[in-house]
Amino acid sequence: MIGQETIDRVRQHASIVSVVKEAVRLQQRGRSLVGLCPFHKEKTPSFHVNPERGLYHCFGCGASGDAIKFVQELSGLSFVEAVRELANQAGIEIVEAVDASERKQQAEARRRHAELFDVSNAAAAFFERMLREHPLRFMALDELRQRQLVSTSATEAVADALQAFRVGYAPYGWNELGQHLSKLGFSSVAAETVGLVVARKSGLGHYDRFRHRLMFAVTDLQGRVVAFSGRALAEPDAARLRELGHDPPDASKPREAPAKYLNSPESPVYKKRETVFGLYQARHAVRDSGAAVLVEGNFDVLSLHAHGIGNAVAPLGTAFTPDQAKLIRRFTSEIVLMFDGDSAGLRAVFAARDAVRDSGLVGRVAFVPQGSDPDQMLRDTGVESVRKAISASRGMLEFLIDSTLDRGFMTDDALSRASKIRAVARLLAEETDPEVRAMARHYADRIAERLGIADAPTFLALSRRVRGALDRESPPGNSGANPERPLSPSQARSPDRRQAVGMEILGSVLDHPDLVQMPELKEATILLEGDLAAAMAALGQANIGRSASSIEQFLAKLPPSIHAFAASRLAAPRYEQLGDARTVLLQNITKLRRLEQLRAKHETMQALQQAAASGDFDAELELLRQQMRQAQQRHGVGER
Ligand SMILES: [Zn+2]
């Protein structure tokens, strides 16, 4: 624990101007200094530093604080870490809190940690040197060359990236590193604690964990090496090994292939769920570009950095954790997920969603071609294609919705389609960001569009019909035997109109009672309501035309509202010819069906509006689905 005295001294002596100047170009304006804010993107300076008060404030994003806060925010350090950093810079001696035993414990813990950082750093330096000197280094260089990451032929960026990630070679053999570290005076306990060496089962001595591997160093946010990741290399030639004084493995014995990637175990200085690979190296680029690009593998990070995409980071062989998200959130509010283009990558996007959202990050997803990854993409199509994919990244929610509906959605049966729609509804419902929620309406439309793909002609025809109908109302007086004539929405919804069409249907059948057997009519009868339905039912049972009494019985069963009409039609048929009556009947049946469909559509639309207004996504999605079904039925396609 740092004593309050030290904190006060740091506050007193740390110059806000000199601290800020490290990161921001300041210009005098009046009594304060101004510059471009390092915490948000801007073109005109709104970041003010007040030397008298020792404070900074940004009028653009509202960031403000003192020197300690500035260091914390800019470097992603904790309060204590920032105080230590400033104390070191200002040459202030750090006096620990007064409790003597606690002070001793703290000092001891720091000494132990310092030894762990030191031994890790020594190992990193050793691996780097081996990549320059070891006789088998060419095998590690081959691996780098395959990925176009050789510094001799390459640009400065490649050399910088190799250096920044402390890429090295862990030599062949069992205790090359162990011996080197003990020569430097490190205890085997320290080397074992950070997992560089492993105790032999016999209890005698240790052996190197990383052997004949291409090595990456994992650093914490202060740039200290805390762990390693090593990639397996091909087995060297046996003759060459003997030459170098190693016993080649017995070729007659079956040998397990080494794991492709081997990582340091966790230690007092390394918690993989709380460490983001590359964040130390990427932190300035993340802040400057306004986003972090999250990739899956160490090689992806290294390759992107080597090709000038310096804001790439990776989780360390775990799913993206809330702690990792929070670390990134210290530097930016936006994260672009660029995972492998396979089903595991897709699952990883789904798995990352909670961590992204809960940390307050805005998540986006960049497209990676099927079967590829960012490193592969760089080699296949060049760095520009990766940049394009990043800049064309889509909102995470949008991506998740689309990939839910993409996977065979159109060929699915109704049941699994419904379950996918429910999954999408859940995605929407889980969204807590008010802005994203406000966009839910847009996403819902997108879903409707997507559903509409199955039946695009219907959708088009329908919208044309409605637009056309709005432009020209049907001429008055023409009750209309032409079913193709567009109907206005109000006509479609009018019960009078349905009633009139229903009467015409009944009339045709009364003209020629044999028409009652037409299958089309049976279907239309279901759509009739009230008195008309009763009349049609009675007509079906009456067997009219066989006898006069049957007509009397029929008329007696009719509701009063229909009686006069039926009597007149029976008395004086409008269509003498059966063929004419039949044609008109079919036209009116079509018309009735369309009216019914438009009415259902209208009802669904109203319910949709209500559901949208009340934020009931489940209901809204169910209604959208219903709407699609109705559209399909209007054109006699799809499920019934
Ligand atoms: Zn700002």
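In this predicted model, strands β15 (residues 334-337) and β16 run parallel and are joined by four bridges. Glu 334 has Val 362 as its bridge partner in β16. On its other pairing, strand β16 (residues 362-365) meets β17 in the antiparallel sense, over two bridges. Here Arg 364 stands opposite Gly 395 of β17.

These strands belong to an open sheet of six strands with mixed pairing. The strand order is β12-β14-β13-β15-β16-β17. The edge positions are taken by β12 (276-277) and β17 (394-395). Each edge strand has a single partner, so one side of each is left without a neighbour in the sheet.

The two faces of β16 differ in cover. Gly 363 and Val 365 make up the covered face. Val 362 and Arg 364 make up the uncovered one. In a regular strand, side chains alternate between the two faces of the sheet. Val 362 and Arg 364, on the uncovered face, are also the residues named in the pairings: Val 362 is the bridge partner of Glu 334, and Arg 364 stands opposite Gly 395.

Helix α16 (residues 383-391) also has two sides. Its buried residues are Ser 385, Val 386, Ala 389 and Ile 390. They span an arc of only 140 degrees around the axis, which places them on the same side of α16. Lys 388 and Ser 391 are exposed on the other side.

The same helix carries a salt bridge between Arg 387 and Glu 384, with the closest N and O atoms 3.5 Å apart. The two residues are three apart in α16, about one turn of the helix. An α-helix has 3.6 residues a turn, so residues three or four places apart point the same way. Both partners are partly exposed: Arg 387 has a relative accessible area of 35%, and Glu 384 has one of 47%. Elsewhere, salt bridges with shared partners join Glu 143, Arg 147, Arg 231, Asp 375 and Arg 379 into one network.

In total the structure holds 18 salt bridges. Side chains of opposite charge can pair when their charged atoms come close. One of these bridges links Lys 326 and Asp 323, at 3.9 Å from N to O. Since the cut-off is 4 Å, this pair counts as a salt bridge. Both residues lie in helix α13 (residues 322-329), again three residues apart and about one turn of the helix. Lys 326 is partly exposed, with a relative accessible area of 48%. Asp 323 is partly exposed too, at 35%. A further salt bridge forms between Asp 358 and Arg 357, whose closest N and O atoms are 3.7 Å apart. Asp 358 is exposed, with a relative accessible area of 59%.

Nonpolar side chains tend to be buried together in soluble globular proteins. The largest nonpolar core contains 67 residues. Those with the most contacts inside it are Phe 127, Leu 144, Val 167, Leu 196, Phe 228, Leu 302 and Met 338. Helix α5 (residues 100-133) gives the largest share of this core, 10 residues. Another core, of 32 residues, lies apart from it. Its members include Ala 535, Ala 538, Ala 542 and Leu 595.

The model also contains a zinc ion. Its ligands are Cys 37 (SG), His 40 (ND1), Cys 58 (SG) and Cys 61 (SG), at 2.1 to 2.3 Å. The angles among the four donor atoms run from 104 to 116 degrees, and the site is tetrahedral. In sequence, the donor residues follow the spacing C-x2-H-x17-C-x2-C. Cys 37 and Cys 61 link distant parts of the chain, 24 residues apart. Cys 37 sits in the loop between β2 (32-35) and β3 (47-50). Cys 61 sits in the loop between β4 (55-58) and β5 (64-65). Cys 37 is buried, with a relative accessible area of 7%, whereas Cys 61 is partly exposed, at 37%.

One loop glycine completes the description. Gly 185 lies in the loop between α8 (176-183) and α9 (188-193). Gly 185 counts as exposed, at 61% relative accessibility. Gly 185 and Val 119 are separated by 66 residues in sequence. Their C-alpha atoms are 9.6 Å apart in space.

Methods:
Residues are numbered from 1 along each chain as its sequence is written. This is a predicted model: local features need pLDDT of at least 70, side-chain atom pairs count only at pLDDT 80 or more; totals for chains, interfaces and linings use all residues. Side-chain values use heavy atoms; hydrogens and water are left out. Donors are N, O and S atoms within 2.8 Å of the metal (3.2 Å for Na, K and Ca); water is not among the atoms, so sites may look incomplete. Four donors count as tetrahedral if all angles lie between 85 and 135 degrees; four count as square planar and six as octahedral if opposite donors are over 155 degrees apart and all others between 65 and 115; anything else is irregular. Buried means under 20% relative accessible area, exposed over 50%, partly exposed in between (1.4 Å probe, protein chains only). A nonpolar core is a set of buried Ala, Val, Leu, Ile, Met, Phe, Trp, Tyr and Cys residues joined through side-chain atoms within 4.5 Å. A salt bridge is a side-chain nitrogen of Lys or Arg within 4 Å of a carboxyl oxygen of Asp or Glu. Two strands pair if DSSP finds at least two bridges between them. The arc is that of the directions from the helix axis to the C-beta atoms.
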